[in-house]
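Please go through the packing, ring pairs and charged contacts of this model. Short questions with reasoned answers would suit me.

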Amino acid sequence: MTQPSAFPPTRRMFLEHLAGVGGTPLLLAGMSALGFGIEARAAAPPPLTGGAKGKSVVILGAGVAGLTSAYELSKAGYHVTLLEARDRVGGRSYSARKGVRQKELGGEEQVCDFDDGYYINCGPWRIPYWHRGYLHYARTLGVGVELFNNDNDHSYIQFDKGSGPLAGKPIRKQEVAADVRGYAAEILAKQINQGALDETMSKGDRELFLSYLRNEGYLTGKDFKYIGTEGRGPEINPGAGLNPPVDSKPHPLSDLLQSRTWATLQSVAGYDQQRTMFEPIGGMDQLPFAFARHLGPIIRKGHVVEKISQTPDKVTVAYKDAKGQHGTVVADYCIAAIPLSVLKTIDMQVSPAFKQAMSGVSYALVGKIGIQMKRRFWEEDHAIYGGHVYYDDPMIGSISLPSTGWLGKKGVVLGYYQFGSPAAQVSAKSHKDRLALAVAAGQKVFPQYAENAEKSFSIAWHRVPFNMGGWAEWSDEGRKTAYPLLNEPDGRIYLAGEHLSYLTGWQEGGIESAWQQIGKIHKRVNA
Amino acid sequence: MTIRTTLIIGGVAASLLAGPALAQDGAALFSQSCAACHQPQGQGIPGAFPALAGDAFVQGPPQQVAHVILNGRGGMPKFSGDLTDEQIAAVATYVRGAWGNKAGPITAAAVTAERNAGALPPPTDGQQAH
């Protein structure tokens with residue numbers, strides 16, 4: 001299984017990108033941060049000054065890219081119409097809560113029956129601190145955020161496929177982290193003390209390196225041994241009075257190696273996974289809802305796009321509304337903010353090369369399930385507050401504990417998060433069987449799991465109409481050939497979405513892609 | 001996740017021995033790994049997932065079919081890390097003979113040859129995504 005994110009961008013990619021879009025106001029915003037690293041590629045929407053010249057734009061799809069486009073363009077004075085196929089806004093920024101209905105292609109209908117106030121974020125669920133576009137809108141539209149715990153030292157690693165005494169049972173992550181660091185440092189220090197680096201490192205550097213290793217691996221002062229550390233968690237916690245902590249003993253190195261639990265330690269170290277991380281208070285649909293409140297009647301829900309055609313002067317979008325009535329919207333420009341997996345199936349008047357390019361990307365198969373638990377046993381009985389339980393069954397991937405409703409009565413746990421062929425396999429099951437799979441796995445980690453699982457909602461994004469996939473996955477070849485073409489308009493039709501970014505799968509990609517495309521339209525209008 | 005090691009047993013004898021069991025496994029594997037998208041009767045969903053019933057590619061050259069199952073294509077994921085060559089052979093054989101399809105079986109040896117030809121990289125250890 002490969003990491004779906006195309007990240008990290010290299011310096012080279014950054015410079016290529018700057019060269020590719022040169023001259024837009026967006027670029028200037030990004031440029032300002034160049035000297036300070038890559039934190040802010042685009043920190044704010046492009047300033048659309050100079051007037052809209054009475055022009056109109058029809059936007060297709062009320063996901064974050066479409067909503068961002070509609071919000072900024074209407075604010076700048078454009079006549080905007082936003083067509084959305086479903087009866088809700090948000091696209092994949094979607095939370096299942098009481099009354100939410102979902103019917104996958106070829107599947108049975110599900111109605112979410114979680115208790116009031118409980119939800120699962122079915123799509124995106126976390127906001128890295130450097131996703132400044134998202135945070136800009138959360139700030140300016142008044143969407144509150146709370147911390148998302150993406151790394152919990154006290155959580156478990158459940159690896160059934162390893163071998164040895166640590167396989168097949170939950171092991172606290174902090175034990176594995178401390179022990180493998182300790183042993184690795186000890187072994188390296190021993191090698192250095194035996195002269196292994198005498199030829200390649202100066203004496204001064206060797207001494208500093210040894211100091212680093214002693215520090216890094218919690219090694220004993222004189223003989224550089226790892227004999228455990230309080231950071232792996234004590235055997236018995238410190239208490240009051242005559243109750244000092246009782247030290248724990250490290251796991252044997254061989255047991256750790258054979259368990260393969262160490263494979264999880266770099267999981268959330270990547271740039272798009274690091275702390276600080278946020279989530280919107282109340283669900284991932286809160287930002288789309290906030291956009292929708294500002295846009296009002298600009299959004300026309302229940303309008304399924306049937307055909308997109310254009311002349312040198314106008315774009316015409318034919319739709320069918322929820323009552324089955326056919327109609328058209330005519331505008332000066334169109335922004336199709338629809339996933340390519342769906343857009344490529346729509347009758348669209350673009351060049352053959354453009355049409356072909358839309359098929360040059362694949363979409364991730366992704367499955368998730370939210371399980372409402374009667375009580376927060378992971379907090380009450382296991383002292384685990386948020387974060388992920390790593391599971392080496394690819395059908396499960398991770399079990400994630402909620403970063404909201406702390407110390408409350410109930411909670412909704414993410415019971416699995418799988419990709420690729422395991423997602424295909426799980427999605428072939430009925431909702432009931434998906435739940436059974438998730439509960440059987442969770443029960444191995446938490447003895448309280450099955451008895452507390454009371455309600456669930458599962459989703460397989462590749463089977464969801466109007467999405468048909470979790471996120472775009474570009475091959476290197478696709479990035480070179482199809483991708484640049486789709487970033488440029490075909491006549492009066494522009495595309496926007498996470499698929500037209502190097503932040504695929506993130507809402508930030510949709511937002512920054514929208515900023516880029518509206519910047520181009522505005523420049524053209526004011527040329 | 002590791003690629004499971006594959007035992008190659010001599011062609012004719014193995015296929016004779018494995019005959020009925022293979023067909024059964026193929027049907028089960030199909031419903032586990034393929035039916036979510038291609039649908040239980042291989043009819044697909046127009047515009048979304050291609051039909052396998054009556055499809056010319058499915059009934060075409062075996063190595064191309066094996067290639068797509070191993071490597072994925074378009075929206076289809078790769079199964080090289082999840083199914084053994086025997087399993088891929090079983091499911092491909094099933095699909096080529098079900099719902100009116102009339103193509104011959106695909107052997108595990110043919111799948112192995114395709115896997116080796118592609119020098120498929122082993123899947124990496126589990127990672128978090130978005």
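The questions below move from the whole chain to single residues and pairs.

The model is predicted, so local features need pLDDT of at least 70 and side-chain atom pairs count only at pLDDT 80 or more, while totals for chains, interfaces and linings use all residues. Residues are numbered from 1 along each chain as its sequence is written, chains are lettered from A and ligands numbered from 1 in the order in which they are written, and side-chain values use heavy atoms, with hydrogens and water left out.

Q: How many helices and strands does chain A have?
A: Helices (H or I, at least four residues) and strands (E, at least two) are DSSP runs, numbered from the N terminus. On that basis chain A has 17 helices and 25 strands.

Q: What percentage of the residues of chain A count as buried?
A: Buried means under 20% relative accessible area, exposed means over 50%, and partly exposed lies in between (1.4 Å probe, protein chains only). Chain A has 527 residues, and the buried portion is 56%.

Q: Among contacts in chain A between residues at least 6 apart in sequence, what percentage join residues at least 24 apart?
A: A contact means heavy atoms within 4.5 Å. Among the contacts in chain A that join residues at least 6 apart, the portion spanning at least 24 is 70%.

Q: Why is helix 12 of chain A largely enclosed by the rest of the structure, and which of its residues are buried?
A: Helix 12 covers residues 420-427, and seven of its eight residues are buried, so the rest of the structure largely encloses it. The buried residues are Ser421(A), Pro422(A), Ala423(A), Ala424(A), Gln425(A), Val426(A) and Ser427(A).

Q: Is Arg463(A) buried or exposed, and which residues of chain B is it in contact with?
A: Arg463(A) is found in the loop between strand 23 (453-460) and strand 24 (472-473) of chain A. Its relative accessibility is 6%, so Arg463(A) counts as buried. Leaving aside neighbours within four places in sequence, its contacts in chain A include Glu104(A), Ser427(A) and Arg434(A), and those in chain B are Ala36(B), Gln39(B) and Phe49(B).

Q: Is the pair of Tyr137(A) and Trp515(A) stacked, edge-to-face or tilted?
A: Rings of Phe, Tyr and Trp (its six-membered ring) pair if their centres lie within 6.5 Å; planes under 30 degrees apart count as stacked, over 60 as edge-to-face and the rest as tilted. A search of the whole structure finds 24 such aromatic pairs over all chains. For Tyr137(A) and Trp515(A) the centres are 5.9 Å apart and the planes stand at 55 degrees, so the pair is tilted.

Q: How many residues apart are Tyr137(A) and Trp515(A)?
A: Both Tyr137(A) and Trp515(A) are buried. Tyr137(A) is in helix 4 (residues 132-141) and Trp515(A) in helix 17 (residues 507-525) of chain A, and the pair links distant parts of the chain, 378 residues apart.

Q: Which parts of chain A hold Tyr183(A) and Tyr226(A), and how many residues apart in sequence are they?
A: Tyr183(A) and Tyr226(A) form an edge-to-face aromatic pair, 5.2 Å centre to centre with 75 degrees between the planes. Both Tyr183(A) and Tyr226(A) are buried. Tyr183(A) lies in helix 5 (residues 173-193) and Tyr226(A) in the loop between helix 6 (203-216) and helix 7 (253-259), so the pair ties together parts whose separation in sequence is 43 residues.

Q: Which residue has its charged end over the ring of Tyr94(A)?
A: A charge sits over a ring if NZ of Lys or CZ of Arg is within 6 Å of the ring centre and within 35 degrees of the ring normal. At 3.7 Å from the centre of the Tyr94(A) ring, the residue is Arg88(A).

Q: Which residues share a salt-bridge network with Asp115(A) and Lys410(A)?
A: A salt bridge is a side-chain nitrogen of Lys or Arg within 4 Å of a carboxyl oxygen of Asp or Glu, and the count comes to 24 over all chains. Lys410(A) forms one with Asp115(A), the closest N and O atoms being 2.7 Å apart, and the two are 295 residues apart in the chain. Lys410(A) counts as buried at 13% relative accessibility. Salt bridges that share partners join Asp115(A) and Lys410(A) into one network with Glu454(A) and Lys455(A).
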